[in-house]
Amino acid sequence: MKIICIGQNYREHVKELGARIPDQPVFFCKPDTALLIRNRPFYIPDFSQEIHYETELVIRICKVGKNFAPRFAPDYYDAYTLGFDFTARDIQRHCRKEGLPWEICKAFDNSAAIGQFIPKSEFPQGPDRLHFEMKKNGAICQSGDTADMIFKVDEIVSYVSRFFTLRTGDCIFTGTPPGVGSVKIGDVLEATLEGIPVLRCPVK
Ligand code: MG
């Protein structure tokens, strides 16, 4: 399976990074070794002094597809959850400045924490009206609504399929709202989708 992550998809987060609003979706990939599942702990890697959480809606691909239009996109995903796109922000700043690829700041082991998937049929409002929250040590740090996405879920899935064949089990992270911040040993991150707890991640 592959993990595809959309970057810079909420205006307020783009602003907090000091980046430019993109004209087309921006995406990158993480290998399957980045997966962190079943609420396992995230261990802070030794190569970064500044690991950030980014809480994101994650969608699960359920069918092989290539180059389909946005109106057909709902046929290709069947469930939602939340994920943490862990980012070595200090290394990312260096990569941006030097124009280097992002893998070492974004695609390292355990950098893609993924919660428990919930069938999309349980959310009749569709993918563009989903509210989610992340609490760190019990205090709300991120509160997002997919209505605020620059590129909506169906546009994203269609766009990615122009470049990559999507396969069953692939996951797409859809970008983070504002409020990203750092983690330290002992923190506990807990995320809820429409009030349903789907992901918990102790930091070690
Ligand atoms: Mg992200």
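Helices here are DSSP runs of H or I with at least four residues, strands are runs of E with at least two, and both are numbered from the N terminus. I note at the start that this is a predicted model.

**Entry 1. The cavity**

I looked for enclosed space first. The count is 1 cavity of 30 Å³ or more. I read its volume as about 110 Å³. Its lining holds 18 residues. Gly-7, Gln-8, His-13, Glu-54 and Lys-106 lie nearest the centre.

Next I checked which elements build the wall. Strand 1 (3-7), helix 1 (11-17), strand 2 (26-30) and helix 2 each supply at least two lining residues. Helix 2 gives the largest share, with 3 residues. I sorted the lining by class and got 5 nonpolar, 7 polar and 6 charged residues.

Two names from the centre, Glu-54 and Lys-106, come back below.

**Entry 2. The magnesium site**

Which residues coordinate the magnesium ion? I found Glu-54 and Glu-56, each through OE, and Asp-85 through OD. The distances run from 2.0 to 2.1 Å. Along the chain the donors follow the spacing E-x1-E-x28-D.

Are the two glutamates buried or exposed? Glu-54 has a relative accessible area of 4%, so I list Glu-54 as buried. Glu-56 is at 0% and is buried too. The cut-off for buried is under 20%.

**Entry 3. Salt bridges**

I counted 11 salt bridges in the model. Side chains of opposite charge can pair when their charged atoms come close. I took three pairs in turn.

Arg-93 pairs with Glu-50, with the closest N and O atoms 2.4 Å apart. This pair links distant parts of the chain, 43 residues apart. Arg-93 sits in helix 2 (residues 89-98). Glu-50 sits in the loop between strand 3 (35-36) and strand 4 (51-53). I checked burial at both ends. Arg-93 is partly exposed at 45% relative accessible area. Glu-50 is partly exposed as well, at 21%.

Lys-106 and Glu-54 also meet in a salt bridge, at 3.2 Å from N to O. Lys-106 lies in helix 3 (residues 103-106), while Glu-54 is in the loop between strand 4 and strand 5 (55-61), so the bridge ties together parts 52 residues apart in sequence. Lys-106 is buried, with 3% relative accessible area. Glu-54 is buried at 4%.

Which residues does the network around Glu-54 join? I traced salt bridges that share partners and got one network of Lys-30, Glu-54, Asp-85, Arg-89 and Lys-106. Glu-54 and Asp-85 are also magnesium donors.

My last pair was Lys-184 with Asp-187, 3.0 Å from N to O. Asp-187 has a relative accessible area of 1%, so I mark Asp-187 as buried.

**Entry 4. Val-180**

I picked Val-180 for its contacts. Val-180 lies in the loop between strand 12 (171-173) and strand 13 (181-182). Its relative accessible area is 16%, under the 20% cut-off, so Val-180 is buried.

What does Val-180 touch beyond its neighbours within four places in sequence? The list is His-13, Glu-16, His-52, Tyr-53, Glu-54, Arg-89 and Gln-142. Glu-54 turns up again here. So does His-13, listed among those nearest the cavity centre. I also took one C-alpha separation. Val-180 and Phe-86 stand 10 Å apart, with their positions 94 residues apart along the chain.

**Entry 5. The largest pocket**

I then turned to open space. The largest pocket has a volume of about 150 Å³. The lining is Ile-37, Arg-38, Asn-39, Ile-114, Gly-115, Gln-116, Pro-197, Val-198, Leu-199 and Arg-200. Strand 15 (residues 196-202) gives the most, 4 residues. By class I noted 5 nonpolar, 3 polar and 2 charged.

**Entry 6. Positive phi**

Last, I looked at backbone angles. Arg-38, one of the pocket-lining residues, has phi near 55°, a positive value outside glycine. Arg-38 lies in the loop between strand 3 and strand 4. I found Arg-38 exposed, at 64% relative accessible area.

Glu-194 is not a glycine either, yet its phi is positive at about 50°. Glu-194 is in the loop between strand 14 (188-193) and strand 15. With 35% relative accessible area, Glu-194 is partly exposed.

Terms used: Residues numbered from 1 in each chain as written. Predicted model: local features only at pLDDT ≥ 70, side-chain atom pairs only at ≥ 80, totals over all residues. Heavy atoms only, no water. 1 Å grid on protein atoms, 1.4 Å probe; cavity = no way out; pocket = protein on both sides within 12 Å on 5 of 7 lines; lining within 4 Å. Points joined across faces, edges and corners; volume = space filled by probe spheres on them. Nonpolar A, V, L, I, M, F, W, Y, C, P; charged D, E, K, R; others polar. Donors = N, O, S within 2.8 Å, 3.2 Å for Na, K, Ca; no water. Buried < 20%, exposed > 50% of the residue type's maximum accessible area, 1.4 Å probe, protein only. Salt bridge = Lys/Arg side-chain N within 4 Å of Asp/Glu carboxyl O. Contact = heavy atoms within 4.5 Å.
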